[in-house]
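Visitor: I've got a model open on my screen and would like to walk through it with you. Can we take it piece by piece?

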Amino acid sequence: MSPLISSRLHPTLLLLGVLVLFGGLPDAAMGQVEPTPGPLPPEVRDEVLDFLNAPTTLRLSGGSRIPAGSRIEGPLGVLGGALRVEGVVEGPVVVVNGDLHLLEGGRIEGEIVVVGGRILAPDGAIDEAMARAWSAPLRYRIRGDRVEVDDLLQRELPPLLEWDLGFANVRPTLRSAGNYNRTEGLPVELGPIFRTTGRNPTQVGLFAIWRSASGLELDRENLGHSLRIEQEMGGSGEARVGFAHESRISPIETRGLTNPETSLTTFLLHRDFRDYFESEGWSTYLELNPVNRPVRARITYTEADHRFAPIVNPWTLRDREAAWRAQPLVAEGSARSLSLLTTYDTRDDVYDPSTGWLVEGTIRRRVGGELRLPALADAEGASVTTLQAPSAAYPLATDGTFDLRRYNRLGPDTRLNFRLLLSGSVDGNPLPPQFQRAPGGEGSLPGHPRFALDCGARAAPVTTEEEEIEAYPAYGCDRIGLFQVELQGYLPIGWSPDPERYPDWETRSLLEVRPAWALFAGVGRGSVVDDLLPHDLRVDSPTRADVGVGIFVGPLGLYWAYPLNRGDRGLNFFVRLGHRF
């Protein structure tokens, strides 16, 4: 398979290709109604939700179109996408998180409300007194057939913690920079965020990263930093350019688990489910995010130095004296890469989707730099070289990821979801350990052990010659494939608060307890490329499959998974604080 991005391809040509893919940047707004800036007023939010939940409202999800010659009778609501009207709507219209395009010949015979978008129409086609728009999006979720506000995302920062300088707002920020882990403890970001006013704001974030395992020793090795500058273009966040310079410890992959889940298992159980490496360098990017299309694209150029992240033994609640699982070696040195990310997202809810597609594709080409594994010591203590000349450094490889997810609502209380994940080497070159993948465990195939599909990377540890660090010689496979399916529904039990005691539906929805069930299955496989390096003793991982069942309320779930392959462990019980995918 040939590379999709050549190291000789000029970035300008690649950018032109992205613009062609998107059909060019969106046209400037031609409507008479300018979106109102600032946060969405609570009374408008409640009005929109009451409209969407009314039994007489026809509700559509994702980008929608009323073709010429067609007619809609009654109220119409559109969630999470643009609405193009070429026919006639005999009633009011509400569009949430998308634009309203009223084209030639189209007509709306009622009030128009647009949240998180714009109203685009020919001159004189709409009555300004009957049309309102707000630029702030509405964060929502769908429970059953009801649209609800996502309260955790709607909370605004208290005014006393935000300073208005006139030309910009300054927000002092203290937040976690990742999960609690065995290489740094809890990374904490501290610093200000500056954001200018206007249609095309500039945002600057400057943070120091403190690693809790270092205690009060604030030397360079125990600190990181992050400087991010982003300039929006297009007036509605349709495009942005950015620059970042960072020094941080990052997970090689998230393993399908959230930061709170991995933090709690590390702190409470002395089990870190991820592996890490340290990087320091800069990147610049251009992102296109048309507000009237469910697509996004980002092209990024990165230059960074990669280093091994040693274990520092942070404090844990139990088994504090037990040894941690060894880290894998990483190829150290400099890496220059060019990557392209494209996303197609028509989900009706980001955190709890019931319908829609999510398709993400990433292609990354290393265009320069040199990455090498450190020298190892053999059994007799003599010095040996892991990689022999002339192939002493990893070749400039191209790798990619294709993640396809489909969410289907089969009925008011039933969903059927699918996921296909393909990731790894595209051009047949081996990947450095920090770019490899290793499915298995609670985040992917929970019926099988963690790192079950690592292609033998953890068969035996090795010791580095210079630092005498015990580590695994690799992280995982050069290529992996994973397919997951899950059927969800609600149990015939539950509890809802008394409407007379809690007249506000928003409060009632937060207090409501509605248990759900899930049946799931998965199958995965990992492989190494044919052109192996001299040190590489990895082998292809066999195909593994599992099935399971779960019971959950909101994000909290109890699951049982069973492997379908002989030789693996039996029934595995685990707890999740988020949905499986």
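Visitor: Which residue in β12 stands opposite V114?
Guide: Keep in mind that this is a predicted model. V114 belongs to the stretch to look at, since strand β10 covers residues 112–115 and pairs with β12 in the parallel sense over four bridges. Opposite V114 in β12 you'll find A133.

Visitor: What is the strand order of the open sheet of five strands?
Guide: The pairing in this sheet is parallel. β1 (58–61) and β12 (131–134) each have a single partner strand, so they stand at the edges with one side left without a neighbour in the sheet. Neighbouring strands are turned by 10 degrees against each other on average, direction ignored. Read across, the order is β1-β4-β7-β10-β12.

Visitor: At what angle does helix α2 run to β7?
Guide: Helix α2 takes up residues 42–53 and lies across β1, β4 (76–79), β7 (93–96), β10 and β12. Those five strands are the ones in the open sheet with the order β1-β4-β7-β10-β12. Against β7, the helix runs at about 110 degrees.

Visitor: Is S61 buried, exposed or partly exposed?
Guide: S61 sits in strand β1, one of the edge strands of the five-stranded sheet. Buried would need under 20% relative accessible area and exposed over 50%. S61 comes in at 37%, so it counts as partly exposed.

Visitor: What separates the C-alpha atoms of S61 and T346?
Guide: Along the chain these two are 285 residues apart. S61 also touches L79, D348 and T355, leaving aside residues up to four places away in sequence. For S61 and T346, the C-alpha separation is 7.8 Å.

Visitor: There's another parallel sheet, with three strands. Which residue in β6 stands opposite I72?
Guide: That open sheet has the order β3-β6-β9, and its edge strands are β3 (71–73) and β9 (107–108), each pairing on one side only. β3 and strand β6 (residues 88–90) pair in the parallel sense over three bridges. The residue opposite I72 is V89.

Visitor: Moving on to β22, which residue in β23 is the bridge partner of T300?
Guide: Strand β22 (residues 295–308) is joined to strand β21 (residues 276–288) by twelve bridges, running antiparallel; there W282 stands opposite E303 in β22. Twelve bridges also join β22 to strand β23 (residues 332–345), again antiparallel. Across that second pairing, the partner of T300 is S339.

Visitor: Which loop holds D319, with its positive phi?
Guide: Phi of D319 is near 55 degrees, and the residue is not a glycine. D319 is partly exposed, with a relative accessible area of 39%. Its place is the loop between β22 and β23.

Visitor: And R255: buried or exposed?
Guide: R255 has a positive phi as well, near 65 degrees, in a residue other than glycine. You'll find R255 in the loop between β20 (239–251) and α4. The cut-off for buried is under 20% relative accessible area. R255 has 10%, so the verdict is buried.

Visitor: Which element gives the largest share of the nonpolar patch?
Guide: The patch on the surface is formed by L264, F267, L268, L269, W315, L317, L556, L558, F573, V575 and L577, with about 950 Å² of accessible area together. Elements giving two or more residues are α4 (259–269), β34 (556–563) and β35 (572–576). With four residues, the largest share comes from α4.

Visitor: What is the relative accessible area of L556?
Guide: L556 is one of the patch residues and lies in strand β34. It is classed as partly exposed, which stops short of the over 50% needed for exposed. The value for L556 is 48%.

Visitor: Zooming out, what percentage of the residues of the protein chain count as buried?
Guide: The chain holds five helices and 35 strands. Among contacts with a separation of 6 or more, 59% are between residues 24 or more positions apart. The chain exposes about 27700 Å², with carbon and sulfur atoms supplying 57% of it. Of the 581 residues, the buried ones make up 48%.

Conventions: Residues are numbered from 1 along each chain as its sequence is written. This is a predicted model: local features need pLDDT of at least 70, side-chain atom pairs count only at pLDDT 80 or more; totals for chains, interfaces and linings use all residues. Side-chain values use heavy atoms; hydrogens and water are left out. Two strands pair if DSSP finds at least two bridges between them. Axes are lines fitted to C-alpha atoms, for helices over the stretch in contact, and angles run from 0 to 180 degrees between N-to-C directions. Contact means heavy atoms within 4.5 Å. Patches are made of residues with over 30% relative accessible area and no salt bridge: like charges are joined within 9 Å, nonpolar side chains (Val, Leu, Ile, Met, Phe, Trp, Tyr) within 5 Å. Accessible areas come from the Shrake-Rupley method with a 1.4 Å probe; for residues, only the protein chains shown count as cover. A salt bridge is a side-chain nitrogen of Lys or Arg within 4 Å of a carboxyl oxygen of Asp or Glu. Buried means under 20% relative accessible area, exposed over 50%, partly exposed in between (1.4 Å probe, protein chains only).
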